[in-house]
Amino acid sequence: ASDELTIFAARFDIGLALEPGFSMNNNLALSNKIFTYIQAGLALVVSDTDAQFNFLNEYPSIGKTYPKGNEQALADILLNYYQHREQLFETKKAAYAIARQKLNWETESEKFLSTVEKTLNDH
C-alpha cells in the first residue's frame, strides 16, 4: 500500500533513480521515488538528468550522481558506499534530516497555500 511504502523503503540503504532522460519530461522532472527515498532516510544514487543533477547540487550531502548510461561510474559509487559504511551512514542521516527539516508536506504545504492565496487575491 502507498501509505506503507516509506516504511518498506527504510529497510534499505540506497535509493536508485536511474532515469535515462529519454524525453523532455524524464529529463526535467524529479521522480516521486526520490522523495520516498529521502523520507525513508536512504542515500540517493541518481543519474544526471537535468532535474536530478540540479537537485543533488542543491542537496549534495544526500547522495551521488553518475553520468547516464555509465554503468562503471554507477558501480563505483555503489562500491564506494559498500566499502565506506560510515560515509553511507552519514549520507543516510543527511537525507533523513533534510526530509524532516525541508522536503516534507508540512513545509511544502505552506508554500503551496501561500501561492494559492496570492493567486486568489490577485483575481
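Me: Of the 123 residues of the protein, what percentage count as buried?
Reply: This is a predicted model, where local features need pLDDT of at least 70, side-chain atom pairs count only at pLDDT 80 or more, and totals for chains, interfaces and linings use all residues. Residues are numbered from 1 along each chain as its sequence is written, and side-chain values use heavy atoms, without hydrogens and water. Buried means under 20% relative accessible area with a 1.4 Å probe, protein chains only. By that cut-off, the buried part of the protein is 33%.

Me: Which helix supplies the largest share of the largest nonpolar core?
Reply: A nonpolar core joins buried Ala, Val, Leu, Ile, Met, Phe, Trp, Tyr and Cys residues through side-chain atoms within 4.5 Å. The largest one has 18 residues, with I34, I38, L44, F55 and I62 making the most contacts inside it. α3 (32-39), β2 (43-47), α4 (50-58) and α6 (85-101) each give at least two residues; helices are DSSP runs of H or I, at least four residues, and strands runs of E, at least two, numbered from the N terminus. The largest share, four residues, comes from α6.

Me: Which residues does I34 touch, not counting residues up to four places away in sequence?
Reply: Contact means heavy atoms within 4.5 Å. I34 is among the core residues with the most contacts inside the core. Beyond four places in sequence, I34 touches A17, L44, V46, Q52 and F55.

Me: How many residues are in the second, separate core?
Reply: This core includes A43, V45, L74 and Y81. Its residue count is eight.

Conventions
Buried < 20%, exposed > 50% of the residue type's maximum accessible area, 1.4 Å probe, protein only.
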